[in-house]
Amino acid sequence: MGNVVVGISDLAVSKAPDVLATYALGSCVGICIYDKHSQIGGLSHILLPKSTGSASDNQMKFADTAIPLLMSKLEKAGAKRIYMSAKIVGGAQMFALNNNNNNSNSSVGQIGQRNVEAVKEALRKQNIKIIAEDTGLNYGRSVFMDLSNGIVTVKTAFGAVKQL
Amino acid sequence: MVQYGEFNEIQIDVLKEIGNIGAGNAATALATMMALPIDMTVPKVNMLHYNDLAALLGGPENLIVGILIDVMGDLEGIIMFLLEKEFTHTVINNLLGSAVEDFSQLSEMDLSVIQEIGNILSASYINSIASLTGLNINISVPAIAVDMAGAILSVPAIKYGEIGDEVLLIEGAFIGNTEAKEEVSTKLILILEEKSLNTLMERLGVS
């Protein structure tokens, strides 16, 4: 079994028995798409909701360009769209808003939420169903996607472990 | 327009010098607060990719304290302090006289002390930039988070993700002038909006 690590603004596609991993999602979102019949899966770690439209953009950085790219790589690897489903993780609000200071950190505060919404929108466009999610709240998460069974394990900094 | 990743050598030197002056002021402020003589090594100032920054902080999953401060006024951007275990322990133990045993279980009091340190250190940075340039700059109340380094860094990475993937890192080592000669290091990142970066360069005559 090999661990394939996906960095920030990065994505990877592999098959069983590999595990796809991405570390320390904060306000970023990790998108896990899995075809259980072929045991092929992909993981994308996006930073921002929408691309700027510039040709120099890293497509893997933005929800609206990374998800179509992930889909085409999955299909190229042999996964079938009709068997695919998604699990999404991350989009936390890492810093609490200061109520007495509402002009400032508010833009930072809503980034996670905006990322989650953009990911859901992009998946809807691809007709991929989200079957589980662990998003929002205020803590970081690491993600491990086991391609032999599609189970996504989410770990936090303080030792909590959740399976999706 | 100056863009991140397109600085010339002179401009990088200017940013480094600002880092130096700010760090000097910050060390003085810290020494006063902790009532300890504190020496400071010459800070290291670098432009760094987020991935390398996470590695420098012990890896993306390493637990750190992040203090986020918004910069407003003539310059807009953020300052973020990244405190590792040792620095946090030293400060809390010194100021509260209590031994922090578990980094993941910092009390409200501990966090409020750390937040105040962030406030004072960032104010001394900003003051040094303000007095050097004559610009009017304000800072917000600090927001604090204790979590994985990568998760904390995702906040500035996202907020300025359209500008670039590199940040200005100012790394200072403070040496407590005690018997143990404890050395603790602080890491601070400064990110300015492109427009503000240009304002700063213009004021300093290197645009």
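Select A:Asn127, which follows H3(A) and has a positive phi, near 60°. This is a predicted model, so keep that in mind at each stop.

**Stop 1: helix H3 of chain A**

Step back from A:Asn127 into helix H3 of chain A, residues 111-125. Pick its two end C-alpha atoms and read the distance. They are 21 Å apart, which agrees with the 21 Å that 15 residues should span at 1.5 Å a residue.

Now show the side chains. Which residues of H3(A) are buried? They are A:Ile111, A:Gly112, A:Asn115, A:Val116, A:Ala118, A:Val119, A:Ala122 and A:Leu123. Turn the view to look down the helix axis. The buried residues of H3(A) fall within an arc of 165°, so they line one face of the helix. An α-helix has 3.6 residues a turn, so residues three or four places apart point the same way.

Roll to the face turned away from the buried side of H3(A). The exposed residues A:Arg124 and A:Lys125 are carried there.

**Stop 2: the whole of chain A**

Zoom out and color chain A by secondary structure. Three helices and ten strands make up its count. From the N terminus, the order is β-β-β-β-β-α-β-α-α-β-β-β-β. The radius of gyration of chain A is 15 Å, close to the 15 Å that the globule rule gives for 164 residues, so chain A is as compact as a globular protein of that length.

Switch to the C-alpha trace. Along its principal axes it spans about 55 × 40 × 25 Å. Of the 164 residues in chain A, 49% count as buried. Next, draw the contacts between residues at least 6 apart in sequence. In chain A, 63% of these join residues at least 24 apart.

**Stop 3: across to chain B**

Select the contact between the two chains. How many residues does each chain bring to it? Chain A brings 29 residues and chain B brings 26.

Stay on the chain B side. The elements giving two or more residues to the side that touches chain A are helix H2 (50-56), strand S3 (63-73), strand S6 (143-148) and helix H5 (149-159) of chain B. Highlight H5(B): it gives the most to this side, with nine residues. Then color by residue class. The side of chain B that touches chain A has 15 nonpolar, six polar and five charged residues.

**Stop 4: the whole of chain B**

Hide chain A. Chain B holds six helices and eight strands. Follow the ribbon along the sequence and the pattern is α-β-β-α-β-β-α-α-β-β-α-β-β-α. Buried residues account for 40% of its 207 residues. Among the contacts in chain B with a separation of 6 or more, 71% are between residues 24 or more positions apart.

**Stop 5: helix H3 of chain B**

Select residues 85-96 of chain B, which form helix H3. Its twelve residues should span 16 Å at 1.5 Å a residue, and the end C-alpha atoms are 16 Å apart, which agrees. Show the buried residues of H3(B): B:Phe87, B:Thr88, B:Thr90, B:Val91 and B:Ile92.

Center on B:Lys85, also found in this helix. Is B:Lys85 buried or partly exposed? B:Lys85 is partly exposed, because it has 15 other C-beta atoms within 10 Å. Add B:Ile64 to the selection. B:Ile64 and B:Lys85 are 21 residues apart in sequence, yet their C-alpha atoms are 6.6 Å apart in space.

Finish just after H3(B), at B:Gly97. This glycine takes a positive phi of about 65°.

Note on methods: Residues are numbered from 1 along each chain as its sequence is written. Chains are lettered from A and ligands numbered from 1 in the order in which they are written. This is a predicted model: local features need pLDDT of at least 70, side-chain atom pairs count only at pLDDT 80 or more; totals for chains, interfaces and linings use all residues. Helices (H or I, at least four residues) and strands (E, at least two) are DSSP runs, numbered from the N terminus. The radius of gyration is taken over C-alpha atoms; the globule rule is 2.2 Å times the number of residues to the power 0.38. A residue is buried if 20 or more other C-beta atoms lie within 10 Å of its own, exposed if 12 or fewer, and partly exposed in between; C-beta atoms are placed from the backbone. Two residues are in contact if their C-beta atoms, placed from the backbone, lie within 7 Å. The expected span of a helix is 1.5 Å times one less than its number of residues. Ala, Val, Leu, Ile, Met, Phe, Trp, Tyr, Cys and Pro count as nonpolar, Asp, Glu, Lys and Arg as charged, and the others, Gly among them, as polar. The arc is that of the directions from the helix axis to the C-beta atoms.
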